[in-house]
Amino acid sequence: YYAAVSYMDAQVGRVLNGLRECGFADNTVIVLWGDHGWHLGDHGWWCKHSNYEQATRAALVMSMPGQKTAGKRCDRLVEFVDIFPTLAESCRLPKPDGVEGESFVPLLNDPARHWKAAAFSQYPRGSKETGPLMGYSVRTERYRYVEWRKRGSSDVVARELYDYQTDAGELVNLAA
């Protein structure tokens, strides 16, 4: 895993150097993101698919010309559906009708500003005992809540609630 991350980091460096050498670095918007996180043994899993933080949190790096806060970390919640509207705004293009998501350009200008209240994700699982389930997750800055429902039904078969202030590893389910 570390080797893959190091290799990717080196390749991004090559792209950035190429943009500088060709004179495009000052007018190019760059977005780098991963499509998922990865469990490295936490919760007993070595995989990418779950509704836990390790799988739903992904790298997202954006650079745009004239960005005043370049290199600053932002801990606010954004979702993949927010990337397209952000690209449109940063390139001064209109957001097409029907596109979901919200531009996070304001966060690029002020990473500490108040932002959206929640981010959403879902992922399936199931077993012979439960049958096929869909997990619907809501993540706020402090909590993650997951409802597991039978597929094709609104029947809730399990709930999970984690408080990141007291349990960053999602080990204590407070839903009960």
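Helices and strands here are DSSP runs, counted from the N terminus, with at least four residues for a helix and at least two for a strand. Read that way, this predicted model follows the pattern α-β-α-β-α-α-β-β-β-β along its sequence. That comes to four helices and six strands. The C-alpha trace spans about 60 × 40 × 30 Å along the principal axes. Of the 176 residues in the protein, 26% are buried. As for how the chain meets itself, take the contacts between residues at least 6 apart in sequence: 39% of them join residues at least 24 apart.

Now to the inside. The largest nonpolar core is made up of eight residues, namely M62, M64, I83, F104, V105, L107, L108 and W115. Helix α4 gives the most to this core, with three residues. One core member, M64, has a set of neighbours worth listing: leaving aside residues up to four places away in sequence, M64 touches V29, S90, V105, L108 and N109.

Helix α3 covers residues 83-90, and its buried residues are I83, P85, T86, A88 and S90. Two of these names have come up already: I83 belongs to the largest nonpolar core, and S90 is touched by M64. What lies over the buried residues of α3? The cover includes β1, β2 and α4. Just past the end of α3, R92 takes a positive phi of about 60°.

Then there are the pockets. The largest pocket has a volume of about 1,400 Å³. Its lining runs to 43 residues, and those nearest the centre are R57, A58, L60, R76 and V78. Several elements each supply at least two residues of this lining: α2 (53-56), β2 (60-63), α4 (105-109) and β3 (119-127). Strand β3 gives the most, with five residues. By type, the lining of the largest pocket splits into 20 nonpolar, 11 polar and 12 charged residues.

The second largest pocket holds about 820 Å³ of space. It is lined by 28 residues, with M8, L32, G34, A59 and V61 closest to its centre. Here the elements that each supply at least two lining residues are α1 (2-22), β1 (30-33), α2 and β2. Helix α1 gives the most to this lining, with eight residues. The lining of the second largest pocket divides into 17 nonpolar, six polar and five charged residues. Both α2 and β2 therefore turn up in the two pockets, each supplying at least two residues to the lining of the largest and of the second largest.

That leaves the cysteines. A disulfide is a covalent bond between the sulfur atoms of two cysteines. How many disulfides does the structure hold? The count is zero. Why does C22 go without one? The closest cysteine sulfur, in C91, is 19 Å from the sulfur of C22, which is too far for a bond, given that a disulfide needs the two sulfur atoms within 2.5 Å. Seen from the other end, C91 is in no disulfide either, with the sulfur of C22 as its nearest cysteine sulfur. As for their surroundings, C22 is exposed, with a relative accessible area of 53%, because the exposed class begins over 50%. C91 is partly exposed, at 38%, so it falls in between that class and the buried one, which lies under 20%.

Key:
Residues are numbered from 1 along each chain as its sequence is written. This is a predicted model: local features need pLDDT of at least 70, side-chain atom pairs count only at pLDDT 80 or more; totals for chains, interfaces and linings use all residues. Side-chain values use heavy atoms; hydrogens and water are left out. On a 1 Å grid over the protein atoms alone, a cavity is a set of points where a 1.4 Å probe fits but cannot get out, and a pocket is an open set with protein on both sides within 12 Å along at least five of seven lines; lining residues have an atom within 4 Å of a point. Grid points are joined across faces, edges and corners, and a volume is the space filled by probe spheres set on the points. Ala, Val, Leu, Ile, Met, Phe, Trp, Tyr, Cys and Pro count as nonpolar, Asp, Glu, Lys and Arg as charged, and the others, Gly among them, as polar. Buried means under 20% relative accessible area, exposed over 50%, partly exposed in between (1.4 Å probe, protein chains only). A nonpolar core is a set of buried Ala, Val, Leu, Ile, Met, Phe, Trp, Tyr and Cys residues joined through side-chain atoms within 4.5 Å. Contact means heavy atoms within 4.5 Å.
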